[in-house]
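Trainee: Could you take me through the empty space inside this one? I'd like a close look at the second largest cavity, and then how the other spaces compare on paper.

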Amino acid sequence: MKVLKSKSTFDYIQRFGAHPFDSLSNPPMKFQGSPNYVATQDLMLAVNAAITLKRPLLVKGEPGTGKTMLAEEVAQALEMPLLQWHIKSTTKAQQGLYEYDAVSRLRDSQLADVDGGERVKDIHNYIVRGVLWQAFTADQPVALLIDEIDKADIEFPNDLLREIDRMEFYVYETRELIKARHRPLVFITSNNEKELPDAFLRRCFFHYIKFPDADTMKQIVDVHFPGLKKELLTAAMKTFYDVRNLPGLKKKPSTSELLDWLKLLVAEDIPLEALQSKEDKVAVPPLVGALLKNDQDVSLFEKLVFMQRHNR
């Protein structure tokens, strides 16, 4: 779990008594992009719609389109701490709420003579708070990222319906109801590997991040490589989209892979001529391993180049 803290959040609370996202009398703060993240107009509208509706923002899109980074940049722009919950195939919804460490309690009970068994008597010592519990009980509103929710079991989203909807949950071991002090700003990302339940979708505001067009991609590259030569960028972009548009690819190169490739081109001082193919024919680019990540796609690309060379 990663927590990003902003000192100015606490300054705001001390001066005005509430965070702008949590205020009922004042309009919530709006996300207007950030210097480190190129957000399209429709993406900014989606973030602000989720803030206004006080619903989780469900973000889908290809891997590498900036879904996880969106939560980080919005949290920083709105000066909110960020809690992250990265979902795995074995993750259970209960882990986001709390876990009861019965094994540790049993072990301590066997060693009760050491401290008189005082620790064992208090069950609170064996309740491990999950990310949702931390978000609900934070002193100020936080941003909460539930990353790659589609990796978990199909029942995972359903198991969180009540908690996300009502902003509360019950701890049976201690017989206490945990209610959110402030409603967190929830981001949920999905790579669309599994369909999510309709009941869960009804509780979210949905946005699909489209793969960036050439103009948007140039803006993204400029953020990471502000001094990149225009000629190199033009040639690299053409090669990148040629590779990406090749029919039959198992995994199309993403934005992050383009940035990695550009970093290598600059580091290895690859000449511009190596990226320029003659007669608009597709050629195998240098350091292609940064763009294509499996042998099937590399073989497909090499076959296309071979066929074009022999069809002249």
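Mentor: A quick definition before we go in: a cavity is a set of grid points where a 1.4 Å probe fits but cannot get out, and a residue counts as lining when it has an atom within 4 Å of a point. Keep in mind that this is a predicted model. With that in hand, the second largest cavity is lined by Leu132, Phe136, Leu144, Ile146, Glu163, Ile164, Met167, Pro184 and Val186. Its volume is about 30 Å³. Three elements put in at least two lining residues each: α8 (131-136), β6 (143-147) and α10 (161-166). By class, that wall is 8 nonpolar and 1 charged, with no polar residues.

Now for the other closed space. The count is 2 cavities of 30 Å³ or more, and the largest has a volume of about 50 Å³. Pro184 and Val186, which are part of the second cavity's lining, turn up here too: along with Lys54, Arg55 and Pro56, they lie nearest the centre of the largest cavity, out of 10 lining residues. That lining splits into 7 nonpolar and 3 charged, again with no polar residues.

The open space is another story. The largest pocket holds about 510 Å³. Of its 26 lining residues, Tyr37, Thr65, Gly66, Ile220 and Thr255 sit closest to the centre. At least two lining residues come from each of α2 (41-53), β10 (205-209), α12 (214-224) and α14 (255-267). Here polar residues do appear, with 12 nonpolar, 10 polar and 4 charged in the lining.

Technical notes:
Residues are numbered from 1 along each chain as its sequence is written. This is a predicted model: local features need pLDDT of at least 70, side-chain atom pairs count only at pLDDT 80 or more; totals for chains, interfaces and linings use all residues. Side-chain values use heavy atoms; hydrogens and water are left out. On a 1 Å grid over the protein atoms alone, a cavity is a set of points where a 1.4 Å probe fits but cannot get out, and a pocket is an open set with protein on both sides within 12 Å along at least five of seven lines; lining residues have an atom within 4 Å of a point. Grid points are joined across faces, edges and corners, and a volume is the space filled by probe spheres set on the points. Ala, Val, Leu, Ile, Met, Phe, Trp, Tyr, Cys and Pro count as nonpolar, Asp, Glu, Lys and Arg as charged, and the others, Gly among them, as polar. Helices (H or I, at least four residues) and strands (E, at least two) are DSSP runs, numbered from the N terminus.
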